[in-house]
Every structure is written in C-alpha cells, then in structure tokens.
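Let's take a walk through one small sheet and one small cavity. Have the sequence and the 3D view open as you read.

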Amino acid sequence: MSHQCSHGHHHLPLTDTLLTGKEQQRLFKQLALALITMGLLVLSLIWQYLAPEQAAASNILAGIASLMVAIPVIRSAWFSLRYPDLHGVTDLLIALAMMGAWALGDLMTAATLPIIMIFGHILEERGVMGTRQAIEALSKLTHSRARRIDTDGRIEETDNQQLRPGDVVEIRTGDNVPADGVILSGYASLDVASITGESVPMEVSVGDPAYGGAINLNGLLRMRVTLTGENATLGKVIALMKDAEQAKPPVTRLLERYAGHYLILVLMIAAVTWFLTYDSQAMLAVLVAACPCALVLSAPATSMAGITVAARNGILIRNTAFLEELADVDAMIVDKTGTLTQGQLHLDQIIAANQHSDNDILSLASSLGASSSHPVSRALAQYATAASSWELRNVNEIHGIGISAMTTQGRALLGRAALFERYGVQMTSLPEYEGPVVGVGLNGVFWGWLLLTDAIRPEAAEAVQQLKSLGIEKHLLLTGDRSGAARKIAEQTGIQDFEAEALPADKLRWVQQSVADGWHPMVVGDGINDALALKAGAVGVAMGKSGADIAMASADIVLTSSDLRRLPFAIRLSRACRKTLQTNVIIGLGWTLMIIGMAALGIFGSAGALIAALLHNLSTFLVLANTGRLLNFDYVKPPAMIYTASDAE
C-alpha cells in the first residue's frame with residue numbers, strides 16, 4: 001500500500017525497512033532534479049532581469065527546466081492511467097496543469113509546479129515513517145549474535161538466524177535473547193518492553209520462558225531454544241505489524257471507489273472556470289488546488305500512528321479496520337481460564353474411585369495431559385515423569401470436552417463428565433468444587449476426579465471497571481468450567497452475566513446471538529476452544545504469549561502482554577484515532593474546497609497555480625501535524641506490580 005500522493009513518482013509499497021536502497025535512490029533523484037530545476041529557473045529570472053531584451057535566452061532556460069521535470073511527471077501520469085488508484089488522481093491533475101501551462105507559454109509555472117509537489121512528497125514521506133521506524137527497531141532485534149554451546153561444552157559465536165530448536169545458548173549481561181526458549185540455568189532480569197510493552201523488567205529463572213529480542217539486564221543465563229525466526233514471538237509481532245501497515249483503512253477504500261468520479265468533477269469545474277472567466281491561471285489553479293493529497297493521506301497517516309502507538313504498548317492490531325471497529329465496541333464477551341485468570345493451574349486434590357491410588361491416577365492423567373496445550377492439560381503434564389509415563393497412541397483431543405487415547409490396557413480418557421458420558425463410562429458423583437474438575441479413566445472404568453485451582457489476574461477487576469467507565473456496560477463471561485467457578489470469577493471481577501460449561505459451539509452461538517441483538521462485542525480469549533468465537537465477534541482479542549496459535553491466528557488483535565488493562569487502553573486509543581481522523585478529513589476536504597473556490601474566483605491572480613500548490617502542501621502539513629499528536633498518546637500504567645515470567649504465561 002502506498003501512503004502518499006505520487007507527485008511525479010510511481011506508487012511503491014512500503015517495505016520492511018525504514019527506507020530501502022531503491023527508495024533512498026528515488027528520493028535523492030527527485031530532490032536533485034528539483035534543485036537543478038530550481039537553479040535553472042533562478043538563472044532564467046536573473047537573465048530576464050539583467051537582459052530583458054534577450055527574452056529568448058531566458059525562455060530557453062525555463063523551457064529546459066520544465067522539460068527536465070516533465071519526464072517523471074508524465075511517466076507517473078501514464079502509470080496512473082494504466083493502473084488507476086486514488087493517488088493517481090494527483091499525478092493526472094499535475095500533468096494536466098503542467099501541459100496547460102505549456103500551452104499558455106507559461107514555462108515558469110510549468111517548471112515550478114512539479115518542484116513544489118516534489119517537496120510536498122518528501123514532507124509526506126517523512127510523515128508516514130512512524131510504522132516503518134517501529135518495524136525497523138523490532139527487525140534489528142531479530143538479527144543478533146548468539147553464543148551456542150555444542151555437545152562438548154564449547155561456546156561458538158554465530159548469527160542467531162542459524163539457531164535451531166533444541167540448541168543451547170549462553171546469554172550474558174547486555175546480550176539480546178537470540179530466540180524464544182526456556183531457561184536451563186541462571187537468574188536475570190530481562191527488558192521486554194519492545195515486545196510486550198511492559199516497562200517493568202521480567203524476572204526469569206530455571207524453567208521460565210524467555211522471548212527472543214529481550215535484553216538481559218543482569219546475570220548469566222543458559223537457555224534451550226524452542227522457537228526461532230518467524231515462529232518466535234518477535235517474528236509474529238513483526239509479521240502482524242507488516243500486515244496492519246499494508247492494509248487499507250475503510251475510509252481510503254471508500255475514497256478509491258469514487259476516485260474516477262472525482263477526477264471528472266474537477267475537470268468539469270476547471271472547464272466551467274475557463275468558459276466563465278477566460279482566466280487561464282484560474283483554470284490551472286483549480287487543477288492544482290483539487291489535488292486530494294491531504295484527504296488521501298488523512299486515513300492512512302492516522303491509522304499508522306494508531307498502530308504504532310498500539311504496538312509500542314504491547315497491542316498488535318492485524319488490520320486498520322479493526323482499529324476503527326474498536327471505537328464502536330459496546331460489549332465484552334470474555335473467556336475465563338488464561339484470560340481473566342492467570343492460566344497457571346495447579347493440582348489441588350485427587351478424589352480416587354475404585355481403590356485406585358493417587359499416584360496411578362496422576363500418572364495416567366499427566367501422560368494424557370502432555371498431549372494437549374489446554375491449560376488444564378498443561379497443569380497436569382508438569383507432574384509427568386519418565387518412570388510413570390504411559391505409551392499412548394491414536395490421541396484425539398475433543399475440543400471443550402477432553403482427551404481420548406489408546407494404551408496397551410485399553411482406551412484412556414481425561415476430561416469433563418461429558419467425555420465419559422460420550423464413551424458410556426459410569427462415573428462417581430461430580431464433586432462440589434468451584435475450580436476446574438476433570439476425570440480420568442481407563443478401559444471403561446472410572447478412576448477418579450482431579451480438582452485444580454487457578455488464580456485470578458490481579459488487574460482483572462480494574463480492567464472491567466475501566467471498560468464500564470468507557471460505556472461498555474454489557475459483560476458476559478463464557479467458560480467451559482463449572483457454574484460455581486464461573487460465578488466466583490464473575491463476582492470478583494464485577495461481570496454481571498456468565499455462562500458455564502460452554503462448548504466451543506456454545507461460545508460461538510452466544511457471540512452470534514449478541515451480534516444479532518445489535519451489540520458490537522469484543523471477544524477476548526486465549527484457547528483453541530475460543531477460536532470460533534474470536535472470529536464471530538466485532539473484534540477478537542487473543543491473549544499473547546499464553547494463547548494457543550490458532551486463537552492468535554483467529555484474533556483481530558493480539559496482546560503481547562497479558563495485562564487486561566491494555567483492553568480499555570486500546571479502546572481509548574481507537575476513539576482518539578477516530579477523532580483525529582474526523583479532524584483530518586475536515587482539514588483535507590474543507591481546505592481543498594476552499595482553495596478550489598478561491599482559485600475558481602481568480603483570487604490568487606497571475607500566480608494562481610503556484611499559490612494553489614503552496615496552499616495544497618500547507619494542508620498536507622496540517623494533517624500530518626494533527627496526526628503527530630497521536631504519537632504522544634501513551635499508556636499510563638497504574639502502580640507497578642511485581643512482574644515475573646509466570647505473568648507472561
């Protein structure tokens with residue numbers, strides 16, 4: 001997507017780096033061409049002043065100057081005719097104005113118009129670099145040196161792009177963490193601000209995860225690499241930002257739909273101006289004044305500023321359309337485990353049945369749990385040991401219900417009561433418990449219940465209260481957990497409504513019903529069973545590092561930090577972006593109409609086209625200056641909490 005009016009250049013897409021070699025070369029050529037043309041025009045004016053009787057020589061210099069800038073202008077206009085888009089309207093209008101000045105013998109205007117527009121383009125190029133700078137800063141973090149430890153214990157320095165999952169690396173004080181991994185030894189504080197937006201360093205020790213791109217502030221670490229390149233957290237962050245940068249805002253798509261009509265309307269106004277006034281300068285001024293650069297730039301500049309601020313604060317927005325959708329959100333539908341709670345479940349109690357020992361129950365449950373990424377399964381998997389592991393085959397995870405697998409002793413089951421009912425296994429009575437409860441069984445025999453507990457996120461109630469203060473009054477907690485646990489979490493967070501024991505299809509149905517009732521719900525979740533619901537809401541938000549890949553792929557927005565207070569911040573940012581965009585559209589449209597009217601009335605006089613060009617660039621500057629205020633919109637975090645690696649999960 002090109003985010004600028006062309007002014008004598010082709011519409012090149014924004015790239016991964018701040019300015020590519022080709023872009024730098026193109027800008028340098030344009031600037032050099034403008035300066036040489038200006039020099040020739042100055043010589044022409046000096047010659048005309050010193051030797052007025054030698055007008056031919058002065059005109060030759062002005063003619064050469066106009067021809068020099070004519071080539072790129074006409075080339076871009078031809079390109080715009082072959083590949084029409086909104087930005088091409090400016091190319092065509094400037095080409096028409098320049099040819100009109102030629103026809104009138106006004107060589108000075110024919111040369112000066114493109115020069116003014118070139119400087120306007122450079123101004124716009126500088127104004128849309130916010131997202132590029134953010135991507136460039138993050139991209140630099142993906143390329144670093146790593147100290148890999150081989151099987152003999154020797155340390156070799158290599159590029160982090162050469163690392164593979166399973167490699168062991170050493171990270172010293174001041175080093176960038178070269179990839180995602182798990183700490184094997186050591187203790188350190190990591191600066192993760194560039195990835196999660198957290199200003200508080202993350203404390204890591206043995207067994208904790210570490211993100212590639214984080215900076216080791218102190219301590220010596222050894223880490224086993226788990227994810228590299230585009231699969232790592234930082235790689236996903238950069239990929240989402242690139243997608244968002246290249247997506248066109250809805251306002252831009254609307255303007256593009258009527259670009260052809262706009263060009264015809266401008267030509268008609270210019271023709272009417274000529275027939276009514278016979279003022280050639282007024283006609284040229286209308287063509288120049290109608291260049292819609294400020295209007296065209298208003299939406300992408302605002303969107304990119306909003307996306308940049310969001311990314312800086314750990315909020316990744318997949319598409320600019322979702323940045324606008326956030327402003328309309330009036331309801332929230334939220335998952336429980338891993339979203340409102342920390343998702344760090346641990347075993348609380350085992351209730352055995354049929355004389356099976358706790359160790360046998362835990363052994364089978366942990367082996368089954370190791371085959372799933374669900375928070376309950378992950379909690380049980382940590383109790384697995386090599387000595388007690390079961391050999392499983394034909395593992396089948398039934399989303400929202402549990403896991404089935406074959407063993408040498410028959411079918412093993414781990415999950416909710418619905419799973420055992422499906423396979424016709426007789427259970428003991430379900431315990432009265434306000435946390436997650438799962439059963440385990442083997443070969444048609446029920447072995448017992450496992451009771452787990454989870455801790456609510458400390459900021460959850462505050463986040464819900466902030467959302468209410470923003471006018472989002474409808475809140476619904478959807479969870480696959482039991483009614484008692486759902487009620488307890490809802491009461492602690494201030495959520496009025498809840499629906500317990502909801503399967504993925506139930507969650508989808510509730511979200512669809514909410515949309516059908518006229519709400520614009522923001523759906524927040526982190527698990528595989530939330531993927532359908534995330535897609536169905538007005539805006540889907542996935543919880544960053546703790547979220548399953550499919551949930552993040554289904555979401556419109558990803559929180560790289562799991563701090564729920566980012567949600568009200570994202571909505572406030574979206575509403576600020578909408579106000580900024582409205583102001584920009586008023587500036588772009590109102591200013592353009594004003595200049596067209598003044599040009600048509602001949603108010604600019606004999607230098608009408610040049611004055612119109614200068615005023616046109618002034619409107620572009622005003623739009624960029626107004627957009628720049630968004631970059632100061634920042635997340636003010638309440639009093640700092642202790643932030644450890646477990647918070648990231």
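Strand S5 (residues 188–191) and S8 pair in the antiparallel sense, over three bridges; strands here are DSSP E runs of at least two residues, helices are H or I runs of at least four, and both are numbered from the N terminus. Two strands count as paired if DSSP finds at least two bridges between them. Leu190 has Asn216 in S8 as its bridge partner.

This is a predicted model, where local features need pLDDT of at least 70, side-chain atom pairs need pLDDT 80 or more, and totals for chains, interfaces and linings use all residues. Numbering starts from 1 along each chain as its sequence is written, and side-chain values use heavy atoms, leaving out hydrogens and water.

S5 sits in an open, antiparallel sheet of three strands, ordered S6-S5-S8. The edges are listed here:

| Edge strand | Residues |
|---|---|
| S6 | 202–204 |
| S8 | 215–218 |

Now for the cavities. A cavity is a set of points on a 1 Å grid over the protein atoms alone where a 1.4 Å probe fits but cannot get out, and lining residues have an atom within 4 Å of a point. Points join across faces, edges and corners, and the volume is the space filled by probe spheres set on them. By this rule there are two cavities of 30 Å³ or more, and the second largest has a volume of about 30 Å³. Strand S11 (331–334) and helix H17 (460–469) each give two or more residues to the lining of that second largest cavity, with H17 providing the largest share, four residues.

Note on methods: On a 1 Å grid over the protein atoms alone, a cavity is a set of points where a 1.4 Å probe fits but cannot get out, and a pocket is an open set with protein on both sides within 12 Å along at least five of seven lines; lining residues have an atom within 4 Å of a point.
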